[in-house]
Amino acid sequence: GNVINSFYPIKGFEKIDNRNKITFIGKKSYYNAAKELINAFLMLDEKIINDKKLELHIIGMTKNDFKEIQNKNIFFHGYLDKGKEEEKEKYYQIIKTTLVIVNTSEKWAGISSLIECMYYYRPIITSRYDEFIKTFGKNINFGYYTNNKSKEIKKYLEKIISLPPSEYQTLANNAHENVTEFTYDAFIDKIINLVSK
């Protein structure tokens with residue numbers, strides 16, 4: 001199974017205050033998915049963006065990968081190495097203020113980063129790819145499945161943005177609950193159970 005590759009303290013991540021970032025995590029092989037998300041973000045009503053102080057953050061690619069994009073609300077961070085203290089802190093501060101994690105790459109959408117962010121109470125928008133469906137099923141209660149088209153991504157972004165706080169908190173809690181079995185402790189218990197049979 002999958003394991004959450006993080007030992008960063010989880011305290012405080014369950015709170016939903018000050019979440020204003022739409023975040024994408026993925027290297028250059030996910031370029032098309034990042035581009036569709038950028039287009040979806042640019043299609044959002046400017047009043048919504050300004051009222052909610054929304055920002056789009058791309059982790060894993062740089063501004064040089066999207067030279068044509070000129071928007072003060074879109075930020076590119078490149079690869080953040082969690083083995084380096086400063087970059088690790090930057091990574092988790094972005095996650096801490098993230099409203100929703102989005103990766104809609106069609107065949108593989110970075111399941112490891114999605115699962116980690118779910119552990120930190122982040123709803124997701126992703127594609128229906130085999131590994132994710134095998135792990136979480138055809139229907140999810142912690143976000144939305146969509147295709148890799150900007151108009152569809154925009155639709156689901158608007159759904160997340162417009163949720164009442166109580167409904168959004170339920171999504172966030174569900175995200176965490178769906179991956180509690182993916183901790184190293186749970187993983188080791190599974191190995192011990194297998195070996196002892």
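Asn-18 counts as exposed, because its relative accessibility is 65% and the cut-off for exposed is over 50%. This is a predicted model, so please hear every value in this talk as computed from that prediction. Asn-18 sits in the segment before β1. Its backbone deserves a word as well: phi of Asn-18 is near 60°, a positive value, and the residue is not a glycine. As background, most residues other than glycine have a negative phi.

There is another case of this kind in the model. Tyr-121 also is not a glycine, and its phi is positive, at about 65°. You will find Tyr-121 in the loop between α4 and β5, the strand that covers 124-126. Is Tyr-121 buried or exposed? With 15% relative accessibility, Tyr-121 counts as buried. So here are two positive phi values, one at Asn-18 in the segment before β1, which is exposed, and one at Tyr-121 in a loop, which is buried.

Next, the overall fold. The protein has eight helices and six strands. Going along the sequence, their order is β-α-α-β-β-α-β-α-β-α-β-α-α-α. The radius of gyration is 17 Å, and the globule rule gives 16 Å for 197 residues, so the protein is as compact as a globular protein of that length. Taken along the principal axes, the box that the C-alpha atoms fill is roughly 60 × 35 × 35 Å.

Some totals for the chain. Of the 197 residues, 49% count as buried. The accessible surface is about 10600 Å², and carbon and sulfur atoms account for 50% of that. For contacts, take the pairs of residues at least 6 apart in sequence: 63% of those contacts join residues at least 24 apart.

Now some individual residues, starting in a strand. Thr-23 belongs to β1, residues 21-25. Its relative accessibility is 0%, so Thr-23 counts as buried, the cut-off being under 20%. What does Thr-23 touch, once its neighbours within four places in sequence are left aside? The contacts are His-57, Ile-59, Ile-94, Thr-98, Val-100, Ile-101 and Val-102.

Ser-105 lies in a loop, the one between β4, residues 98-103, and α4. Despite the loop position, Ser-105 is buried, with a relative accessible area of 14%. Not counting residues up to four places away in sequence, Ser-105 touches Tyr-30, Ala-33, Ser-127, Tyr-129 and Asn-148. One C-alpha distance to go with that: Ser-105 and Ser-29 are 76 residues apart along the chain, and their C-alpha atoms are separated by 9.3 Å.

Asn-139 is in a loop too, between α5, residues 130-136, and β6, residues 143-145. Unlike Ser-105, which is buried, Asn-139 counts as exposed, at 69% relative accessibility. From the C-alpha atom of Asn-139 to that of Leu-171, 32 residues apart along the chain, the separation is 13 Å.

That leaves the pockets. The largest pocket holds about 400 Å³ of space. Its lining is made of 17 residues, and those nearest the centre are Ile-25, Tyr-79, Lys-82, Tyr-91 and Ser-113. Which element gives the most to this lining? That is helix α4, residues 111-119, with four residues. Sorted by class, the lining of the largest pocket has eight nonpolar, six polar and three charged residues.

The second largest pocket has a volume of about 300 Å³. Lining it are 15 residues, with Ile-16, Arg-19, Lys-52, Leu-99 and Ile-161 nearest its centre. Two elements give two or more residues to this lining, namely α6, residues 150-162, and α7, residues 165-177. The largest share, three residues, comes from α6. By class, the lining of the second largest pocket has nine nonpolar, three polar and three charged residues.

To put the two pockets side by side for anyone planning to look at them on screen: the largest is at about 400 Å³, with α4 giving the most to its lining, and the second largest is at about 300 Å³, with α6 giving the largest share. That is the end of my part.

Notes. Residues numbered from 1 in each chain as written. Predicted model: local features only at pLDDT ≥ 70, side-chain atom pairs only at ≥ 80, totals over all residues. Heavy atoms only, no water. 1 Å grid on protein atoms, 1.4 Å probe; cavity = no way out; pocket = protein on both sides within 12 Å on 5 of 7 lines; lining within 4 Å. Points joined across faces, edges and corners; volume = space filled by probe spheres on them. Nonpolar A, V, L, I, M, F, W, Y, C, P; charged D, E, K, R; others polar. Rg over C-alpha atoms; globule rule 2.2 N^0.38 Å. Buried < 20%, exposed > 50% of the residue type's maximum accessible area, 1.4 Å probe, protein only. Contact = heavy atoms within 4.5 Å. Areas by Shrake-Rupley, 256 points an atom, 1.4 Å probe, with all protein chains shown as cover.
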